[in-house]
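Okay, thanks for making time, everyone. I'll walk through one structure today, so let me put it on the screen.

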Amino acid sequence: MSGTSEGPHSAAVVAPGTVRPPVTERHADRTDSVDRTGPGGDHRAAFRAAPLAMAVVDHEGAIVSANDALAALLGVPAAALLERSAADLADLSSDTRTWRAYREVLHGLRARFRCTRRLKHSDGRTLWAEITVAPVPDSPGVLLSVSDITDRRELQARLRHLQMHDPVTRLPNRTLFFERLASALETPPHSAYAADDLGHDRDGRGADHGRTGRIGLCYLDLDGFKAVNDTLGHRVGDRLLAAVASRLTECADHDGYTRSGSHLVARLGGDEFAILVEDSTGTEQLADLARSVLTALQRPFDLAGQRLAVSASIGVVERTVEGTTPTGLMQAADTTLYWAKADGKARWTLFDPERNAHRMTRQALSSTLRPAVERGEFLLEYQPLVGMADGAVRGVEALVRWEHPQFGTLAPNRFIGIAEEDGSIVQLGRWVLRTACRQARQWQKDHPGARPLFVSVNVAVRQVWDSDLVADVAGILAETGLAPYLLQLELTESAVMGSAGRPLQALQALSDMGVRIAIDDFGTGYSNLAYLSRLPVSVLKLDGSFVRGFRYDEGVHPSPADEVIVETLVHLAHRLGLTVTAECVETEGQAERLGRIGCDTGQGWLYSRAVTPERIAEMIAPGVARGASRQQA
């Protein structure tokens with residue numbers, strides 16, 4: 001770097017390392033250059049005897065006077081400091097900002113400059129010093145003072161170590177982990193290297209050596225650690241954590257030795273640990289590391305006479321540094337760890353963007369479901385239930401759709417489960433029931449000469465528990481004017497078969513009211529026929545998996561076992577006074593065979609997909625339903 005000043009002063013600043021002419025050539029008119037350029041005569045003795053290390057520097061950056069304290073601090077004779085570049089001595093040229101500020105003080109453009117630097121003693125020891133450069137009044141030079149702050153820095157370092165490390169495992173703690181993570185993501189791969197606050201290489205790797213521009217994270221949680229604490233006490237639990245930390249460090253050190261990248265093992269809290277891999281080489285490296293960790297932790301731990309076996313669940317994330325934030329990386333790792341737990345524990349799981357997108361979509365649906373009911377974003381479509389004997393439409397099943405402003409039209413399987421989990425199924429179910437009953441009554445009014453259609457509405461078991469379903473149904477029937485016998489409520493087999501107490505009382509009250517109760521997807525759950533005889537059920541809807549065994553077309557071989565099962569169930573249901581509906585009827589062959597067996601009604605694409613209320617109105621005339629799906633195709 002050039003030492004020429006750009007300011008108003010013409011004196012040149014000698015660049016670090018420049019050989020200067022002897023003092024006798026530059027100060028030929030002086031008999032004692034050291035004394036004359038130093039402090040005034042009355043202060044000369046004080047300058048030399050001062051405990052603070054000081055030197056006078058001329059406007060060219062050369063030391064022209066140094067006291068004994070500075071010589072002692074650096075372990076060299078005072079005479080050896082004369083004519084040396086102050087910038088070299090105090091390491092003031094290692095970064096541009098410090099060098100510029102130093103030059104400004106030399107040329108009178110700045111009143112004072114202070115910085116912290118790491119210096120070398122003649123015996124090789126490292127010194128931390130606070131450097132101050134300021135003009136000397138009534139003197140052509142500037143005063144450079146050096147204060148030894150090594151003890152203070154070492155104390156700060158010890159305190160920081162305690163602050164940034166976990167006392168149980170002695171690993172870096174959550175604070176240091178996130179500090180390191182933020183630093184790794186802020187340093188672009190094309191930059192120089194990671195450096196400390198004084199510009200020194202932090203990890204010993206040269207600029208760009210081994211940089212990949214990628215980062216990886218293994219985020220792990222011990223399975224069943226709480227049981228160890230609860231049964232054996234926190235002392236044993238702490239020993240186990242320390243032993244786990246030791247094995248994690250061994251795995252990370254081995255991976256870091258055999259591959260590129262630097263590794264940080266940290267305890268984030270409780271039984272959660274993280275292994276951060278800077279400059280990772282790809283997902284395979286992280287997968288190998290996760291496998292080695294699981295293998296290491298599967299070996300039993302011997303702790304003060306206690307032999308313990310533990311396992312861990314690990315979420316693995318590996319991606320490019322560019323575009324990655326600490327929050328985003330940790331959210332991905334946390335999600336992936338949850339997947340590993342949900343998939344059975346004692347395993348590692350790699351982050352899957354597609355699976356995460358599904359989770360994010362589910363979360364978005366969950367947060368907007370309740371307001372969507374109030375905003376009227378739902379609609380009903382209706383699928384005909386057709387008499388097997390004559391092909392006439394007997395009733396319809398109401399199927400809810402969500403016209404989502406972002407995701408488009410969503411089928412029930414996308415959101416009903418969410419609604420059941422968060423309780424919004426009660427509000428949504430009440431809306432579906434009211435809308436379906438109102439529509440059924442409207443068809444009845446519009447076609448007074450036709451046989452009225454019954455409407456079948458799906459009911460979740462949570463609606464029975466979390467609301468007064470009997471009162472809701474009675475109120476809606478009264479409000480819409482629909483006769484109770486024209487309403488059918490469908491519950492799944494598992495929900496009905498497990499009914500006892502309040503649910504059973506509610507079903508009985510609804511049946512007494514005249515409402516029909518149907519078991520949906522019959523044959524896939526308990527199939528407790530003895531219990532079935534005691535329930536207030538009037539309709540069985542056979543699951544489509546049985547009906548599919550009736551296909552004869554397109555080279556599909558029918559299942560004799562399915563036919564026998566269906567025939568037996570139909571005859572048993574009829575003996576119990578129940579009617580039977582076959583779901584998923586798709587071909588004429590299936591319909592013919594089911595009709596011969598004795599099924600009362602059928603539902604499926606052979607007749608129609610779920611359609612708008614206007615299309616149902618067109619099917620109310622007898623004989624219209626069969627083949628309607630082909631007309632719409």
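The accessible surface of the protein chain comes to about 30500 Å², and 51% of that belongs to carbon and sulfur atoms. Those areas are Shrake-Rupley with a 1.4 Å probe, and for residues only the protein chains shown count as cover. Before I go on: this is a predicted model, so local features need pLDDT of at least 70 and side-chain atom pairs count only at pLDDT 80 or more, while totals for chains, interfaces and linings use all residues. Residues are numbered from 1 along each chain as its sequence is written, and side-chain values use heavy atoms, with hydrogens and water left out.

Of the 633 residues, 47% count as buried; buried is under 20% relative accessible area, exposed is over 50%, and partly exposed is in between, with a 1.4 Å probe and protein chains only. The chain has 25 helices and 21 strands. Those are DSSP runs numbered from the N terminus, H or I over at least four residues for helices, E over at least two for strands.

Now the sheet. There's an open one of 5 strands, order 7-8-6-11-12, with mixed pairing. The edges are strand 7 (262-269) and strand 12 (348-350), each pairing on one side only. We call two strands paired if DSSP finds at least two bridges between them. From one strand to the next, the twist averages 20°. Strand 7 runs antiparallel to strand 8 (residues 272-278) over 7 bridges, and His263 has Val277 in strand 8 as its bridge partner.

What lies across this sheet? Helix 11 (residues 283-298) lies across strands 6, 7, 8, 11 and 12, at about 165° to strand 11. Helix 8 (residues 174-186) lies across strands 6, 7 and 8, at about 140° to strand 7. For the angles, axes are lines fitted to C-alpha atoms, for helices over the stretch in contact, and the range is 0 to 180 degrees between N-to-C directions; contact means heavy atoms within 4.5 Å.

On to the parallel strands. Strand 17 (487-492) has 5 of its 6 residues buried, so it is largely enclosed by the rest of the structure. Strand 17 pairs in the parallel sense with strand 16 over 4 bridges, with Val457 opposite Leu489. Strand 17 also runs parallel to strand 18, joined by 5 bridges, and there Thr492 has Asp520 as its partner.

Asp520 comes back in the largest pocket, which has a volume of about 950 Å³. Its lining is 36 residues, with Glu397, Leu399, Pro412, Asn458 and Asp520 nearest the centre. Strand 14 gives the largest share, 5 residues.

And the cavities? We count 4 of 30 Å³ or more, the largest at about 80 Å³. Val457 and Asn458 are among the residues lining that one, and helix 15 gives the largest share, 4 residues.

For the grid people: it's a 1 Å grid over the protein atoms alone, where a cavity is a set of points a 1.4 Å probe fits but cannot get out of, a pocket is an open set with protein on both sides within 12 Å along at least five of seven lines, and lining residues have an atom within 4 Å of a point. Points are joined across faces, edges and corners, and a volume is the space filled by probe spheres set on them.

Last stop, Asp512 in helix 19 (residues 502-513). Buried or exposed? Asp512 is exposed, at 59% relative accessible area.
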